Amino acid sequence: MGEGFEMTKILGYERENGRIGVRNHVLIIPLDDLSNSAATGVESLIEGTRAIPHPYGRLQFGPDLELMFKTLAGFGRNPNVASAVVIGIEQNWTQEIADRIAKTGKQVEALGIEGSGDLKTVEKASRIAKKMVQDASEKRRREYDLSSLTISTKCGESDTTSGLASNPTVGVLYDRLVAEGSTLLLGETSELTGAERYIAEKMATPALKAKFQKMFDDYQKEIARQGADLFGSQPTQGNIKGGLSTIEEKALGNIQKAGKSKFVDALDYAEEPTKKGLNYMNTSSAAAECVTLFAAAGAAVHVFTTGQGNIIGNPIVPVVKVSANPKTVATMPEHIDLDITGLLRFEYDLDEAADRLYKLLVKTASGRLTANEVLRHFEFAPTKLYISA
Amino acid sequence: MEKKFLVHAKQDSVGVAVADIDSGEEVEGTLMDSGGKVSLRSQDAVPLGHKIALAAIKKGEKVVEYGEPIGVATENIQKGAHVHVHNISSLRWGKASR
């Protein structure tokens, strides 16, 4: 065991509800596509704010609307966010998002554009955001256990090096974090195909197993209902170039990230975990959508393994990118936070690789910027369940 | 002989190249579960991350990696051959394209 495992403390921000975050964003949330201009307007005027423009939020209904609310409010509620301004064309849904964020105790304001126009709204929101940024800047980082964080993982542009090296490294890391009392998230329902039995068998209770199995089966039925299968989408062209031949092979590599722990819960899209330990969340396997769902559920740091070189980021959650593919590390070095290619050269073992990843998580959680943050990869990709009204 | 591939489990019919393998090269692999060694001569060039057949696989037989079927052989595959989308196919998806 390396020295990194004595260094389990991070410097984070405690929020009003006791949750620990690792960033101190003032978030400008557009409720809908029409409000993107005002939100990005505020972002360009006020240093230290971040807007999350997106193409949705109008005429959504039922579970799709509820997921959109959960996603937008979840970003405001995330402990990496100090305070938030919500801007929407109409006041009522805008206020709904703000009310959900306010339940965490953090400062939030809701502004409707109708009756004021963009310019007055931008001015009002900017004056509010200026004060929020100054207040947030007073907040000091303090020492907490790494295990106080919610951490998520996903792989992308995977290849066989993911299944051989980077995903099993996350598996070892996840086992250690479970032992320390972390709250951990793992998803990617479509990319379990061929290996779903392993995840089902790791559910802590028969009821959870049934809940997970229904999520998986519902997804397979949805594909069948479209008269399709995912051949051609899964594995992707990038996966195939990297040597992955079938969805089963990709899935067996994917599940290495889960480690040996039992799952304590099976969560719906963007549902905030309530149990410490390893949680399954129903998600898409598309990188930005999946990380967006984890961020909305309160993840403070994301661990992303890549084979062929996925460059994804997130607006509020640092995405730590790990690769064991020497070609990717050589050709796309600016995107990779941790090079563990030595695993494939037999220079060190999985425990050592997991140790290096753990140390990098501690540094990242304490303020070290990730590649995605420096390169401004801030993909915000809400999951849409079906067509709007 | 160079260590150029890894094998996830002892039941596996394929190994995974961890460095580019030339056609006709004598290469050694390591079993990840036991640390045991296997060696063979490659029949094709196998790029890093791609699979090499550890034994002959007949058309219609399941291809095993991680101790699990990852697909089915769509043609006879020689020991030492490159194993990929040209000679194996998913058991789950893509049946219509076969």
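Start with chain A of this predicted model and colour its two assigned domains: domain 1 covers 25–138 and domain 2 covers 145–374. Their centres, taken over C-alpha atoms, are 29 Å apart. Where they meet, domain 1 of chain A puts in 14 residues and domain 2 of chain A puts in eleven. On the domain 1 side, S3 and H2 of chain A are the elements that give two or more residues, and H2(A) has the largest share, with six residues. Sort that domain 1 side by class and you get six nonpolar, five polar and three charged residues.

**Next stop: A:Asn80**

Select A:Asn80, in the loop that links helix H2 (62–77) to strand S5 (81–88) of chain A. Buried or exposed, then, for A:Asn80? A:Asn80 has 27 C-beta neighbours inside 10 Å, and 20 are enough to call a residue buried, so A:Asn80 counts as buried. Now show its contacts beyond four places in sequence: they are A:Gly21, A:Val22, A:Arg23, A:His25, A:Ala300, A:Ile316 and A:Val317. While you're there, draw a C-alpha to C-alpha distance from A:Asn80 to A:Gly12; it reads 9.1 Å, although the two are 68 residues apart in sequence.

**Along helix H3(A)**

Move to residues 91–102 of chain A, which make up the twelve-residue helix H3. First C-alpha to last, H3(A) reaches 16 Å, close to the 16 Å expected at 1.5 Å a residue. Show side chains for A:Trp93, A:Thr94, A:Ile97, A:Ala98 and A:Ile101, which are buried. Why do these end up on the same side of H3(A)? Look down the axis: they cover an arc of only 140° around it, which puts them on one side of the helix. To see what covers them, add strand S3 (25–30), H2, S5 and strand S6 (108–112) of chain A, which are among the covering elements.

**Across to chain B**

Show both chains and select the contact between A and B: 24 residues come from chain A and 24 residues from chain B. On the chain A side, helix H5 (160–180) and helix H9 (247–254) are the elements giving two or more residues. H9(A) supplies the largest share, four residues. By class, this side of chain A has eight nonpolar, eleven polar and five charged residues.

**The open sheet in chain B**

Now hide chain A and find the open sheet of six strands in chain B, in the order S4-S3-S1-S2-S5-S8, with mixed pairing. Strand S4 (37–41) and strand S8 (82–83) of chain B are the edges; each has a single partner strand, so one side of each has no neighbour in the sheet. Zoom in on the S4(B) edge: strand S3 (residues 26–31) of chain B runs antiparallel to S4(B), and five bridges join them. One pair to label is B:Glu28 with its bridge partner in S4(B), B:Ser39.

**Last stop: a hairpin**

Select S6(B), residues 62–65, and strand S7 of chain B, residues 68–73. The two pair antiparallel over four bridges, forming a hairpin with two residues between the strands. In the turn, check B:Tyr66, which has a positive phi of about 60°. Which residues of S6(B) point to the buried face? They are B:Val63 and B:Glu65, while B:Lys62 and B:Val64 point to the other face and are not buried. Finish on B:Val63, whose bridge partner in S7(B) is B:Gly71.

Note on methods:
Residues are numbered from 1 along each chain as its sequence is written. Chains are lettered from A and ligands numbered from 1 in the order in which they are written. This is a predicted model: local features need pLDDT of at least 70, side-chain atom pairs count only at pLDDT 80 or more; totals for chains, interfaces and linings use all residues. A residue is buried if 20 or more other C-beta atoms lie within 10 Å of its own, exposed if 12 or fewer, and partly exposed in between; C-beta atoms are placed from the backbone. Two residues are in contact if their C-beta atoms, placed from the backbone, lie within 7 Å. The expected span of a helix is 1.5 Å times one less than its number of residues. The arc is that of the directions from the helix axis to the C-beta atoms. Ala, Val, Leu, Ile, Met, Phe, Trp, Tyr, Cys and Pro count as nonpolar, Asp, Glu, Lys and Arg as charged, and the others, Gly among them, as polar. Two strands pair if DSSP finds at least two bridges between them. Domain bounds come from an automatic or database domain assignment.
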